[in-house]
Amino acid sequence: MTDHVAAPPVIRSGGDIAPRPRRLKEHSILPGFGLSLGITLVYLALIVILPLAALALRPWEIGLDGVWRTLTDERVAAALKISFGLSLLAALTNAPLGLLIAWTLTRYEFPGRRIMDALVDLPFALPTAVAGIALTALYAPNGPLGAMAAKIGLKTAYSPLGIFIALVFIGLPFVVRSIQPVLEDLDRGVEEAAQTLGATDLQRIAYVVIPALGPAILSGVSLAFARAVGEYGSVIFIAGNMPLKTEIAPLLIVIKLEQYDYAGAAAIGLAMLAISFGALVVMNVLQIALARRGRA
Amino acid sequence: MSLVGNTFRIRLPGIAPLMVLVSALAMAVLIVLPLVVVFHDALAKGLDAYLAALREPDAIAAVKLTLLVAAIAVPLNAVFGVAGAWTITKFEFRGKSILLTLIDLPFSISPVVSGLVWVLLFGAQGLFGTWLADHGLKVIFAVPGLVLATILVTFPFVARELIPLMQEQGADEEAAALTLGASGFTMFRRVTLPNIRWALLYGVLLCNARAMGEFGAVSVVSGHIRGLTNTLPLHVEVLYNDYDSVGAFTAASLLAGLGILTLVLKSVLEWRHSGELSASRKH
Amino acid sequence: MSFRPAASTDEALALEIRGVSKQYGRFPALKNVSLQARDREFLALLGPSGSGKTTLLRVLAGLEEPDAGEVRFGGEDFLALPVRQRKVGMVFQHYALFRHMTVAQNIAFGLTVRKRSEKPSRSEIADRVADLLSLVQMEDLGKRFPAQLSGGQRQRVALARALAIEPRMLLLDEPFGALDAQVRRELRRWLRELHDRAGVTTVFVTHDQEEALDLADRVAILKDGELIQLGKPNEVYEHPATPFVFDFLGQSCRLPGMVDGGRLRVADWETAAPAGAPQGAVEVFFRPDEVDFAPADGAGLVAQIQGIARRGPDVRIDCLVEGATMELQAHGPSLPTGVTSGLPVRIRPQRPQLYPAG
């Protein structure tokens, strides 16, 4: 009836029913896997893995209690508290501020919108030392903004408030740039549906828009937080660097290094990494939970 | 263009202009004012003082060193970025997500720690410190240390731009080139590279801006030897701590100029070549 | 024409596929597939998504490596050749045009990447590109970029680019998949003419049975990685090897029946069983438009007409047969005699296909 042919199979490798051995790499006809993987691995090993291994191993030469003593030292503990506390505060402050700016940039058309959009990235593009001395000049007691604040009894530069301002400055682009694309892609139909169902503008924003942006806001906040914890250049000038009051953790690493206390410096560095990592894990879990709710 | 009317996609009379105003004000105070201060304070004692500060031998040495460090670190990171993105986007293999995490890692490390790790390896009391000293080699407090610290801080930039774009583009065009008889190298040069050129340029631009402006990491490995191991950002710090405001802000103005130039080029790329950048860069 | 194929012109087998198997992880994409294509033949690989048809095409192109099996082309071991030496003209599903090259540069690519000793001169390449542009009726569009073309134009550029290397075999992956119905039909006819003129062995993948039956010399039907049937379009359409093939090639009606001693019985209707019919309980398949109608007191199956709807030139007749609703079709302006809504008629499938029940 038909010329349905079934010739005996020629087995090339493995059987035709037996599961294929798990391979390290799926077959691909594109060339260059060995070369590009080789470059990538060698580079990563030399630039990331080796140095981080040194960081992870060095503190233990002073023993567990030595590390513990370093980290619980009054000055170090205070600096860690200042770094992480103010970073969290600044990142959270950036959430409403970033949402406002992202909203303005995506929802309104006004003269200068494109320039404003480009300027959001200035804290990325401006070297941190430049931002540091510029913020200090602005907020120092004799600076234009610092003098204004002094009149109402606020000390900005050389106080925790100064550190906070610098951390808001460097964190803002992370939040805006996380929210912006999501806001742009937000299905207008959902908002229009809310309107046809009788929602006021405020209800629409509160019940439809902001929940949809939740994961993006959280991801922006965690990026801003991670950046702020490690920030050095833009903070160091405005902080005043008074022990126990305005010393940040990265500065203590520098101080320990100047005293040739490599193990102590590494201990602080490792602790910062560990705490940041823990914080990011928490935020990721939150983000996944938020995203899942959004999909349900 | 008026601030009220149909151009607003939200009908909240009074609120919309207010939101634009508040956003603009926040941006002006928080972001633009610091930029203005840099140039204002640099020119505080007139143009002559500014130009004199630029001609300082230490300032010139700092500029040269900054360019040298970037000239080594950026091309290396570009090559790595292309190789890494190629590996990750065009092949399926085990351990891919670990590789991705490692590439992202430097973004979540403090710049100071990125400097510290090199001191731990190559410093006087570092792992290889004695060996280096015995052979008369100097890494920390010398140019190699500056380069290493800069590479670690800036190496994700290129790969991060390329990976999402190459993922979007897939491997079909490369496969087509091969069926048409192209060799691997020809395929890469004539199909892959032209497809990623603008994203590559974008990544190199960001990488370069960060490389030239990096402060924390290089500050740890530099030793602040004037005229020898001070890059421009470190030079700014030294002058500032010496209460040489005009000098510090003059050097800072060069870096601010670099930042503005980067922003302008970046925006031009986003506007003119948005189709050839990864989706997150399309505005 | 200038794009003569490099393959020999005798009537010998061009392509031989033997026992090809391929797994992705635990998922078997191809199971022991064997088939052949003659020189200059136009072969369609037809199947639903996941049937392995695209995988088979990619094996032929060299874009996938089978786990087992053999592929020979013109007697040569094809699997031993890397992609770039196979000289197959592949047209990708989404065309895979080089987005940063013009139409002309896309078409010329395969010639410009040749080794210096084999590379045509610049003017030869230009001539060839011009020939191909006129062949695909795009003479004036050589300087455009792919993004500036319509879907149908992109498809033709992809074809011209594949033909430029004088392929030994042309491979097309869902060549009309991304086009709308009108363009599809025009391009289909044009592609067939092009194939007849160029005389290249062509294999194309489609999930559209009408396209495959209309276009191909022979159709290979795949399901779940297995070759189910291979044959000329009318053979395959008139004698589907399995109920799956019958269903896949068009609309179908089915009823349970019984074959005994050369007689087929469906409910109270009895007729001669077709030659080679299986014995015992069977599934009777027939096309809804291949039915004879008879008056209620004639011979056939009792069908209670429930509704009649005109759809353009056709008539849809909803009826109840053996307790199940069935949609029949009649062509032409007038209804078959005796068909009236609400009244019973007798129906007789013209060419019932019988498959063992179960």
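These questions and answers set values from a predicted model against the definitions behind them.

Q: How do you know which residues and atoms count in this predicted model?
A: Local features need pLDDT of at least 70, side-chain atom pairs count only at pLDDT 80 or more, and totals for chains, interfaces and linings use all residues. Residues are numbered from 1 along each chain as its sequence is written, chains are lettered from A and ligands numbered from 1 in the order in which they are written, and side-chain values use heavy atoms, with hydrogens and water left out.

Q: Why is Phe246(C) called buried?
A: Buried means under 20% relative accessible area, exposed over 50%, partly exposed in between (1.4 Å probe, protein chains only). Phe246(C) has 3% relative accessibility, so Phe246(C) counts as buried. The residue lies in helix α9 (residues 243-248) of chain C. Helices are DSSP runs of H or I with at least four residues, strands are runs of E with at least two, and both are numbered from the N terminus.

Q: What makes a residue a contact of Phe246(C)?
A: Contact means heavy atoms within 4.5 Å. Leaving aside neighbours within four places in sequence, the contacts of Phe246(C) include Pro240(C), Phe285(C), Phe286(C), Gln353(C) and Tyr355(C). Phe246(C) and Phe286(C) are 40 residues apart along the chain, and their C-alpha atoms are separated by 8.5 Å.

Q: What makes β14(C) and β20(C) a pair?
A: Two strands pair if DSSP finds at least two bridges between them. Strand β14 (residues 280-286) and β20 of chain C share four bridges, in the antiparallel sense. Four meets the cut-off, so the strands pair. One bridge joins Phe285(C) to Gln353(C) in β20(C).

Q: Why are β13 and β20 of chain C called edge strands?
A: Each pairs on one side only. The open sheet has five strands, in the order β13-β12-β11-β14-β20 (chain C), with antiparallel pairing. The twist averages 35 degrees from one strand to the next. Axes are lines fitted to C-alpha atoms, for helices over the stretch in contact, and angles run from 0 to 180 degrees between N-to-C directions.

Q: How do you know that both faces of strand β6(C) are covered?
A: Val88(C) and Met90(C) on one side are buried, as are Gly89(C) and Val91(C) on the other. This strand, residues 88-91, pairs in the parallel sense with strand β7 (residues 169-173) of chain C, over four bridges. The bridge partner of Val88(C) in β7(C) is Met169(C).

Q: What makes a set of residues a nonpolar core?
A: The members are buried Ala, Val, Leu, Ile, Met, Phe, Trp, Tyr and Cys residues joined through side-chain atoms within 4.5 Å. The largest such core has 219 residues, and Trp118(B) and Leu35(C) have the most contacts inside it. Helix α3 (residues 74-107) of chain A gives the most to this core, with 15 residues. A second, separate core of 47 residues includes Leu46(C) and Val236(C).

Q: Why is the link between Lys31(C) and Glu226(C) called a salt bridge?
A: A salt bridge is a side-chain nitrogen of Lys or Arg within 4 Å of a carboxyl oxygen of Asp or Glu. The N to O distance is 3.9 Å, so the pair qualifies. Lys31(C) lies in strand β2 (residues 27-38) and Glu226(C) in strand β10 (residues 226-231) of chain C, so the bridge ties together parts 195 residues apart in sequence.

Q: Why are Lys31(C) and Glu226(C) called partly exposed?
A: Lys31(C) has a relative accessible area of 28%. For Glu226(C) the value is 38%. Both values lie between the two cut-offs, so partly exposed is the class. By contrast, Glu174(B) and Lys90(B), which meet in a salt bridge at 3.3 Å, N to O, are both buried.

Q: How do you know that Lys266(B) forms a salt bridge with Asp121(A)?
A: Their closest N and O atoms are 2.3 Å apart, within the limit for a salt bridge. The count between chain B and chain A is one salt bridge. Both residues belong to a network of salt bridges with Asp117(A), Arg177(A) and Glu270(B).

Q: What makes up the area buried between chain B and chain A?
A: Buried area is the accessible area (1.4 Å probe) that two parts lose on being put together, summed over both. Here it is about 8000 Å², 77% of it on carbon and sulfur atoms. The contact takes 90 residues from chain B and 88 residues from chain A.
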